[in-house]
Amino acid sequence: MVRTRVEVQQQTEVGDAMVRGLVRAQLGLALRIAVVPVCLLGAIPVVLALFPALAGLTLWKVRVPWILLGFVSYLLLLVCAWLYVFLAERNEQDFTDLTDD
């Protein structure tokens with residue numbers, strides 16, 4: 001019977017492969033999550049350039065670009081950070097469950 005916890009602790013080939021798999025999963029998750037705010041925040045100047053009337057709109061006496069950059073962008077980053085932490089902890093819990101057989 002393969003003792004996965006011992007494999008990881010003793011850094012055998014099997015344990016090393018398992019840890020590399022966890023690191024790869026965390027890196028893939030980080031890259032996928034990072035693409036969302038980069039694309040959405042990068043689209044703001046493009047949308048404002050394509051629709052100049054949108055740049056002139058005001059809500060609550062504040063122009064829409066300032067609302068997008070000053071409030072919505074931080075909210076987006078907060079949601080992405082929360083999602084990353086939640087999914088990263090789930091990956092680590094799955095790894096822990098795998099080693100605790």
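Is Asn-91 buried or exposed? At 18% relative accessibility, Asn-91 counts as buried, because the cut-off for buried is under 20%. The views below start from the whole chain and return to this residue. The model is predicted.

**View 1. The whole chain holds four helices and two strands.** Along the sequence, the elements follow the pattern α-α-α-β-β-α. The protein chain has 101 residues, and 23% of them count as buried. Its accessible surface comes to about 7,700 Å². Carbon and sulfur atoms account for 70% of that surface. Among contacts with a separation of 6 or more, 68% join residues 24 or more positions apart.

**View 2. Helix α4 has a kink centred on Val-72.** The kink is about 35°. Helix α4 covers residues 64–99. It has 36 residues and reaches 51 Å from its first C-alpha to its last. That span is close to the 52 Å expected at 1.5 Å a residue. Buried residues in α4 include Val-64, Pro-65 and Ile-67. Ser-73, Leu-76 and Cys-80 are also among the buried residues of α4. So are Phe-95 and Thr-99, which belong to the same list for α4.

**View 3. Asn-91 of helix α4 is in contact with residues including Leu-22 and Ala-25.** The place of Asn-91 is in helix α4. Which other residues does Asn-91 contact, leaving aside its neighbours within four places in sequence? They are Gln-26 and Leu-29. Asn-91 itself is buried, at 18% relative accessibility.

**View 4. Gln-26 lies in helix α2 and is buried.** Its relative accessible area is 13%. Why does Gln-26 count as buried? Its 13% falls under the 20% cut-off, so Gln-26 is classed as buried. Leaving aside neighbours within four places in sequence, Gln-26 is in contact with Tyr-84, Ala-88, Asn-91 and Glu-92. Asn-91 therefore appears here again, as it has Gln-26 among its own contacts.

**View 5. Six residues make up the largest nonpolar core.** They are Leu-29, Ile-33, Leu-76, Cys-80, Leu-87 and Ala-88. Helices α2 and α4 each supply at least two residues of this core. The largest share, four residues, comes from α4. In soluble globular proteins, nonpolar side chains tend to be buried together. Leu-29 is in contact with Tyr-84, Leu-87, Ala-88 and Asn-91, leaving aside its neighbours within four places in sequence. Two of these contacts, Leu-87 and Ala-88, are with residues of the core.

**View 6. Cys-80 is buried, with a relative accessible area of 10%.** Cys-80 is one of the core residues. Cys-39 is partly exposed, with a relative accessible area of 48%. How many disulfides are there? The count comes to zero.

**View 7. Val-19 and Phe-95 are 76 residues apart along the chain.** Their C-alpha atoms are separated by 8.6 Å. The place of Val-19 is in helix α2, residues 13–50. Val-19 is partly exposed, at 33% relative accessibility. Phe-95 is among the buried residues of α4.

**View 8. Trp-60 and Lys-61 sit in the loop between β1 and β2.** Strand β1 spans 58–59, and β2 spans 62–63. Phi of Trp-60 is near 55°, a positive value in a residue other than glycine. Phi of Lys-61 is near 65°, also a positive value in a residue other than glycine. Most residues other than glycine have a negative phi. Are these loop residues buried or exposed? Trp-60 counts as exposed at 76% relative accessibility. Lys-61 is exposed too, with a relative accessible area of 85%.

**View 9. Ala-55 of helix α3 is buried.** Helix α3 covers residues 52–56. The relative accessible area of Ala-55 is 16%. Which residues does Ala-55 touch, not counting those up to four places away in sequence? They are Leu-48, Arg-63 and Pro-65. Pro-65 is also among the buried residues of α4. Ala-55 and Trp-66 are 11 residues apart in sequence. Their C-alpha atoms are 9.2 Å apart in space.

Note on methods: Residues numbered from 1 in each chain as written. Predicted model: local features only at pLDDT ≥ 70, side-chain atom pairs only at ≥ 80, totals over all residues. Heavy atoms only, no water. Buried < 20%, exposed > 50% of the residue type's maximum accessible area, 1.4 Å probe, protein only. Disulfide = S-S within 2.5 Å. Contact = heavy atoms within 4.5 Å. Core = buried A, V, L, I, M, F, W, Y, C linked by side-chain atoms within 4.5 Å. Expected span 1.5 Å × (residues − 1). Bend = angle between axes of the 7 residues up to and from the residue. Areas by Shrake-Rupley, 256 points an atom, 1.4 Å probe, with all protein chains shown as cover.
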